[in-house]
Amino acid sequence: MKRLLGILLTIFIIVIFLKGCIRADIPELEFSKHITPSIKNFVYPDENKNVVLNGVDYIKSQAPVGKFGGEIVISTIGEGPKTFNPCNTKDATSSSMAGLLYEGLLATDSRTGKVIPQLAKSFQIQGNDYTINLRRGIKWSDGKPITADDVVYTYNEIVFKGLGNPSTMDAMMIDGKLPKLEKIDDYTVKFSTSKPFAPFLRQLSYPIVPKHYFKTYSDKGASVFNAFLSPNTNPKKIISNGPFLLKEYVAAQRVVFVKNPNYYKINLNNEKLPYIDKLVYLIVGDTNNEILKFEAKEIDVIGLKGNNVARYKEKETESDYIIYNLGSDTGTLFIAINLNNRKNQGGKPYVSPVKQKWFRDKEFRKAIDYAIDRKSMIQNVAYGVAEPLFTSESNNSVYLNKNIKGHEANTKKAKEILSSAGFEFKNNKLYDKQGNLVEFDLYTNAGNLEREALGVMIKQDLEELGMKVNFKPVEFNSLVNKLTNTYDWDMVIMGLTGSPLEPHDGKNVWTSNGTLHMFNMGVKPEERFEWEKELDNLFDEGALKLTFEERKPIYDRYQEIIYEENPIIYLYSPVRISAIRKKIKNVYPSALGGLLYNLDEVYIDK
Amino acid sequence: MESIRYISKRILQVIPLLIIVSMISFFIIRLSPIDPLAELRLNPSISEETLQKEIQRLNLDKPIIVQYLSWGKSFLKGDLGYTSAGEKVSVKLKERIPNTLLLTVIVIFLTWSVGIPLGIFAAIKKETAFDRLLTILSSIGMAIPSFFFAILLLIFAVKTGWFPVGGLTSYNYNEMSFWGKIVDLAKHLVLPVTVLFAISLSGLQRQMRANMLEVLDSDYIKFARAKGLSEFKVIFKHALRNAINPMITLLGFEFAGLLSGAALTEYVFQYPGLGRLILEAVMKSDINLVMASLMMGTIMLVLGNLIADILLMLTDPRTKGKSDKSGGAV
């Protein structure tokens, strides 16, 4: 009896202890709009100006004058940088770090999306000629002047030869021809393209590298050049031109940058920027560790995901951080439908002819679009931190067609569309004209919890229409193989990242000969749908027009087509929420650049 | 002479072992469905030519057997090749090995210097309150998964702010004074060492206790006691020397775990060691890196066993000359 009492008492005590660990439920966010402050309240004073002081062409920052000194600690998830060679970066971490070290001729204004001069002082476009004037008197970190020779070297001997990462060369290729570059004088260069090509201008953001430092390595060919400036390079030897210089790299722990005293940006008092002395990137393995580091105040900025947003929001008032809603991400989530009606080499159709009839029917796809409940997906899968998406451009794209308003989920309407298209409901099941039960497979990549959850919800939504959906998460590589090789799939839940500035980047998906034209892969020109032909023409036309005003209607039409035809049904795009310590001033969050794109202007004030 | 022949024989035995291990692991990694280029294939801005170049660079266009042979050839020459990101494998390993050694050597030193005396003590004081308490504690230590314990300690670090959350050095480490550096390192090491120490201590202590009890129960100990030897002499001169032998074999395994034993804990604490590097490499199917670490693990295991056998030969005259029977735990 006594023993039993003892055991009961012990259990009771343990329960009391555990009770302390259980936390009250996290409040639910209905939509990301509830997260203030909206970034529109933070308006940057004015456009930055060029000024000449003692014969040097500086950029004058228009941000309020701050205090010099201090350091900012941020984090990067993963294994850290793989190279500091700005010409050879293939992952986001390496390229953002190389971007601190090396700047290009032009850049994108993170606030307005406009192309602005950076190392260039100004640029003029006349027909197919792009004349670039360089800043006079600015220097590399070793004190040597930056001149037209460095620019000519960077493009002619690195970019146009495809050394390092060749994606800029690919993007500059117009009908198989590269632009020509000539040096006019020490501070002027001229690019000439073979015909008008709108995406060209933004490619001039390619980092300019010092000829006197890089040439010995680039002359030795690709393998030497690719290994050049690996993370273990002695930081003192690196000659660069960005706002920061590399101080140290410690594998799997951190990368430390210090300010570049030769940088060409000044504040309103004509003092040289950046304000902060030191910028530290901690290399953390995963998001959980990053959250812990933020809570332990080891890092100053964090991107928040999912349920953490509500938790941080709740604690914000008594904390030392502010949460910003940076608006939609460039990532998109969608269902693609296989419209392929061709046969494989064995004479077997990729998609069974019965299914082909449904999938190639515009009304069938439209019914699916109406049946899908994006709102409840956002609430249940994305914890409210997302915005619904109805067409191919992400919500933060400058080319977004704002006339496409989208629609609410409407199962009744979806059923009407199906009935008028000849489908029949019997015992809550859907049959086509020939009496075939509508049944198909829905794939996604296994292990991606978000997409798996979406699959379950889509299956439920479509089963309301009487469709039988076999939801099959498969391994990522076999999914890629299905999409790009064997084409034996019905529907798939996928995501891609786009560019908020350049819709032409989507040409591999939307033009009929694109390598990612997944919904109708390998279609021959004569077999194209009418709307596919129109898309092909629109993409050709859009690249030839140079001004935003001329291009906008073209890309508006392309989004309309996708919204009407639904070969790919878009679901939502995640919203970026970030928290940053209040001590960091001069933060002007922007949808395009995020929180800390202006590291040369921010300062610390406690 | 006998022992030299024995050692060289053991070393020769390693060669076929290495070949078999390398073949099995190479083929398993390459036949697994992880495609190192899947991400690139789905990137809208990557052209077909770039993709083909990458395939050639990583040798993925050749049959597996050719890939294996070319790997084996350069391995024999001492060239570990490049990671899929284009860095030298040997450089990557060199960055991490000292960190992992720092952690594991401290842990092994602590566990052995605490675990062995504790085990002996528990055996002598068998069935007392002290022994019972140790039994309970070591059961907890053996039952709790290392990653879970590590996470608990991390939460503790965040809540109290007494310890840094993971890593090995603070970001301003290089500007610290010599003593500052030592303190900084120690602060970072406390939590991972605690986890690994608590977990391996329990096992070692139990093992030592069991060995000791077995020996204490044997006839010659009874005889020694009957002869009237002091208890101190009975235990330390007669019992301990016999009880310690199995522990030496265990020490060989500990040696093998020097470089690979702490992977999970390293990962949770974001410790910049080998474990984290290799875990990330496996997930990306970064073949050269994974192969190098597997080969290293195999060699360390064989070497550890060899060292244990040699030590046994020194401590236990019975094993001399016929060690191939008792050793060979590979």
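This report describes strand pairing and helix packing in a predicted model.

## Basis of the model

Residues are numbered from 1 along each chain as its sequence is written, and chains are lettered from A and ligands numbered from 1 in the order in which they are written. Because the model is predicted, local features need pLDDT of at least 70 and side-chain atom pairs count only at pLDDT 80 or more, while totals for chains, interfaces and linings use all residues.

## Strand β14 of chain A

Strand β14(A) covers residues 301-304; helices (H or I, at least four residues) and strands (E, at least two) are DSSP runs, numbered from the N terminus. Ile302(A) and Leu304(A) point to one face and are buried, where buried means that 20 or more other C-beta atoms, placed from the backbone, lie within 10 Å of the residue's own. Val301(A) and Gly303(A) point to the other face and are not buried. In a regular strand the side chains alternate between the two faces of the sheet.

β14(A) pairs with strand β23(A), residues 568-581, in the antiparallel sense over 4 bridges; pairing requires at least two DSSP bridges between the strands. Opposite Ile302(A), in β23(A), stands Ala579(A).

## A four-stranded sheet in chain A

An open sheet of 4 strands in chain A, with mixed pairing, follows the order β3-β13-β11-β10. Its edges are β3 (71-77) and β10 (244-250), each with a single partner strand, so one side of each has no neighbour in the sheet. From one strand to the next the twist averages 20°.

β10(A) runs antiparallel to β11(A), residues 254-259, and 6 bridges join them. Within this pair, Val250(A) stands opposite Arg254(A). Helix α2(A), residues 92-101, lies across β3, β10, β11 and β13 (278-284), at about 135° to β10(A). Axes are lines fitted to C-alpha atoms, for helices over the stretch in contact, and angles run from 0 to 180 degrees between N-to-C directions. Contact means that the C-beta atoms of two residues, placed from the backbone, lie within 7 Å.

## Helix packing in chains A and B

In chain A, the axes of α3 (residues 148-159) and α6 (residues 211-218) come within 10 Å and cross at roughly 20°. α3(A) is therefore roughly parallel to α6(A), a term for angles under 35 degrees. Residues of this contact include Asp149(A) and Asp150(A) of α3(A) and Lys211(A) and Lys215(A) of α6(A).

In chain B, the axes of α5 (residues 89-124) and α8 (residues 178-216) come within 7 Å and cross at roughly 35°.

Technical notes: A residue is buried if 20 or more other C-beta atoms lie within 10 Å of its own, exposed if 12 or fewer, and partly exposed in between; C-beta atoms are placed from the backbone. Angles under 35 degrees count as roughly parallel, over 145 as roughly antiparallel, 65 to 115 as roughly perpendicular and the rest as oblique.
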